[in-house]
Each structure stands twice: as C-alpha cells, then as structure tokens.
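Welcome! Here are some exercises to work through with the model open beside you. Try each task before reading its solution.

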There are 2 protein chains.
Amino acid sequence: MRLTTKGRFAVTAMLDLAISEVSSEGALKPVTLAGISERQDISLSYLEQLFSRLRRQGLVSSVRGPGGGYNLAKEKADISVSAIISAVDEDIDATQCGGKEDCHGTDGRCMTHDLWATLNFKILDYLSGVSLADMVDSQQDCDVEKVVFAARKSCDSNEEAVING
Amino acid sequence: MRLTTKGRFAVTAMLDLAISEVSSEGALKPVTLAGISERQDISLSYLEQLFSRLRRQGLVSSVRGPGGGYNLAKEKADISVSAIISAVDEDIDATQCGGKEDCHGTDGRCMTHDLWATLNFKILDYLSGVSLADMVDSQQDCDVEKVVFAARKSCDSNEEAVING
DNA sequence: TAATAATTGACTAAATTACTAGGTTATTAT
DNA sequence: ATAATAACCTAGTAATTTAGTCAATTATTA
C-alpha cells in the first residue's frame, strides 16, 4: 500500500464517476474523461493513464465513440478505496532484502521488516472496508462545508482524534 | 497523510530504536544511527535527515558524543505511527484549488475534494491509534515467519481480508 | 587531547509523478 | 460514406520527491 497524490487523483476521479453516472433518468450514462478532467482539474492524458489501469483491474468499463465514456464495472458498494489505490499505485517495496531466506533471524533487521509488513497489511485491510458507496452516502448526511473548514471533523467519526500526536 | 517508502524507513527505524534501546539492565541506552543503519540497511545520512525531523517533532531525544545516540522522547505507547509518518512526510496537498472560497458549490469538483479530505482524515485517525508499543507487543505473541510467508495473515486481525477487492 | 557521534548544509543520482504531444481505433450521427 | 466523438496507445519530458554522498562543525566522553 502506497498513498500519494496519484492515488488521490484516482479516488477523486472514481468518486466523480460514481456521482456523475447517475443521470436524471434511471439509466447509467457513460461519463467522459474530458468531463472528469474539467470538473476535477486533472489533465486528460493523465486520467487516460489512470483509467487504463482501472479498466484492466476490472473497476470500470468503457464505451467507445460518441456518447461513450466510462461506467463503474461493479456496484459502488463493491469498489473499495484500497482497490482503486492498488490499481494505480505500485505496491510499496516491502523489504530491502526481498524475501530471501537468509534474512529471518531474530536480529533487529527482519523483526522490524515483519512488523512493517503487518502494519502495511492492516492499513490495506482498513481501506478495503471503505467503499465508494460509503463515501458517497456519508456525504449526503453531512454539511460538506464543515468538513473542510471546521477543523476537519469527520462526518461519521465524531470524536476529536489527535493529529500529529 | 502520505504513505511512501520514506515513511516506511522512518517507522522501521523507530521500531528498531524502540527494540534496541532496551538494554540488558533496566536503563535505556542511546542507540546510534550507525547501528540502525547497519541493522536496517538504511544509509546513515538518510537516517540523519529523518531523525533531524523526528527530533524537531519531539519524538526522539539525542545524546551527543561517545556513548551517545538517540532515545525515544516519549513512552512507546504515546508514539503513534501517524506521528512518525507525519514528521518525515510533507502532508499530501489536499486540493487543486487550495482552500479558495470560490470553489464550494455543489458541483462535482469540491464535493469530491471534500470526500477525499474526509477519507484522508479517517486514515490519519486510524493510524494515530496504532502505537510503537502496539507493534512491538504484537510481535511477541506471533510467529514472525508466518506473517511474511503465510499469505500475510495479520497477527491480531485473524480474519481473511479481501485484498485488491 | 583524541575519539565519538550528533548536527548542519550543499549538492547529486535515481525514481516517481504529472503532464504533453501525436497518433489509432471503434462507434455514432449526419 | 463521412465526420465527429471519445476511448486507447506510445513516447517523451518537466517537475518533484526520494535516497544518497560529501564535507564540514559541535558537543561530549574517555
């Protein structure tokens, strides 16, 4: 698991897609990358690169030609944030020593490697529990302005978490 | 919150420090960066850069001269993983539009920005709940080999989490 | 006084990110 | 058919970040 602006762009674009594909009628209209590009201020070609990966991972489906674009390939509830980030970000290289067998004593080295691997897994585990549906839904019960300006209080976790501490 | 190899190095080094500073007697001996460098295979100068930040953030304290080195500045239980990562990684830039007031309609743009901000906060919130003590402790009840090789089963979350799905 | 080890700053190679440019292919509407 | 649309693909590149080297200085201990 790696968390950079690249992953942020991908999640943002997928959120835009999830919101935009719901047309006034019941049907789901394909959403163009040009539209996402304009709304989210992300370069079109960069989006093409990201969606190429998202499509190969089976997260979105494409329709070519006029009126074409992208749709979610699954239910919003079945697309996790971790899946989106994993699709566009290469995995963080876990260890300096790869997975070599000569590196498994009880010495400091691989003890910490293993601890990191465990933490890494837990983060992945946590983010796999957050879906696009969760994010879109939570937005509806929540004053959006407040999220950004009022000391970043999360919508559905109302406790004051300690940041940087 | 940003999660890269840089943060991994910092967490790894801090874990090494937490484990290494416990000497055979009761007293806490300072740990040299040269030692961490050798055990964890991280360049000494890079460690110096990282620990410069960790020290300024009050996570470690330093002792100069022979026999000197670094100690944790707080209890292991009071040092969270998020604090370590935040200390060495610049915050991910949250929005393309900064925090400008002209960017808060109900249009797609800032809706997704706000959703991202919320998710970002939740990740930070989660990682602020994991301390060095948690990680060091969990390692003791757990077959370390298995963590790495047996399909990455986490020590303290025994359920099979869906990866990339 | 010599050795140790943190501390600082400037500089650099490598990797990643974000983007540009220029095409091709499939599909729809005219 | 033809033109317009929009996905799809490849190569290249500027900007940024990561990871590291090198060369000093300062505080402390033996």
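A residue is near a strand if one of its heavy atoms lies within 4 Å of it, and residues fall into three classes: Ala, Val, Leu, Ile, Met, Phe, Trp, Tyr, Cys and Pro are nonpolar, Asp, Glu, Lys and Arg are charged, and the others, Gly among them, are polar. This is a predicted model, where local features need pLDDT of at least 70 and side-chain atom pairs count only at pLDDT 80 or more, while totals for chains, interfaces and linings use all residues. Residues are numbered from 1 along each chain as its sequence is written, chains are lettered from A and ligands numbered from 1 in the order in which they are written, and side-chain values use heavy atoms, with hydrogens and water left out.

**Exercise 1. Describe the surface near DNA strand D.**

Step 1: Start with the residues. There are 26 of them around DNA strand D, and the closest are A:Ser62, A:Tyr70, B:Thr5, B:Ser45 and B:Arg64. Of the atoms of this strand that come within 4 Å of the protein, 69% belong to sugar and phosphate.

Step 2: Sort by class. The surface near DNA strand D holds 8 nonpolar, 12 polar and 6 charged residues.

Step 3: Look for polar contacts, meaning pairs of N or O atoms within 3.5 Å; within protein, one must be able to donate a hydrogen and the other to accept it, and residues adjacent in sequence count only if both atoms are side-chain atoms. The side chain of A:Glu48 has an N or O atom 2.9 Å from a base nitrogen of DNA strand D. A:Ser62 places a side-chain N or O atom 2.4 Å from a phosphate oxygen of this strand, and a polar side-chain atom of B:Gln49 lies 2.7 Å from a base oxygen.

**Exercise 2. Which residues are closest to DNA strand C, and which contacts does the strand have?**

Step 1: Name the neighbours. DNA strand C is surrounded by 25 residues, the closest being A:Thr5, A:Ser45, A:Gln49, B:Ser62 and B:Tyr70.

Step 2: Go to the bases. A side-chain N or O atom of A:Gln49 is 2.4 Å from a base nitrogen of DNA strand C.

Step 3: Turn to the phosphates. B:Arg55 uses its side chain, with an N or O atom 3.1 Å from a phosphate oxygen of DNA strand C, whereas B:Leu33 uses a backbone N or O atom, 3.2 Å from a phosphate oxygen.

Step 4: Count classes again. The surface near DNA strand C has 7 nonpolar, 12 polar and 6 charged residues.

**Exercise 3. How many salt bridges are there over all chains?**

Step 1: Apply the rule that a side-chain nitrogen of Lys or Arg must be within 4 Å of a carboxyl oxygen of Asp or Glu. The count is 4 over all chains.

Step 2: Examine one in chain A. A:Asp16 pairs with A:Arg39, with the closest N and O atoms 2.8 Å apart.

Step 3: Check the accessibility of both partners (buried is under 20% relative accessible area, exposed over 50%, partly exposed in between, with a 1.4 Å probe and protein chains only). A:Asp16 is buried at 1%, while A:Arg39 is partly exposed at 28%.

Step 4: Examine another. A:Glu90 and A:Arg53 form a salt bridge, their closest N and O atoms 2.7 Å apart. A:Glu90 is partly exposed at 49%, and A:Arg53 is partly exposed at 29%.

Step 5: Move to chain B. The side chains of B:Arg39 and B:Asp16 meet in a salt bridge of 2.8 Å, N to O. Here B:Asp16 is buried at 1%, and B:Arg39 is partly exposed at 28%.
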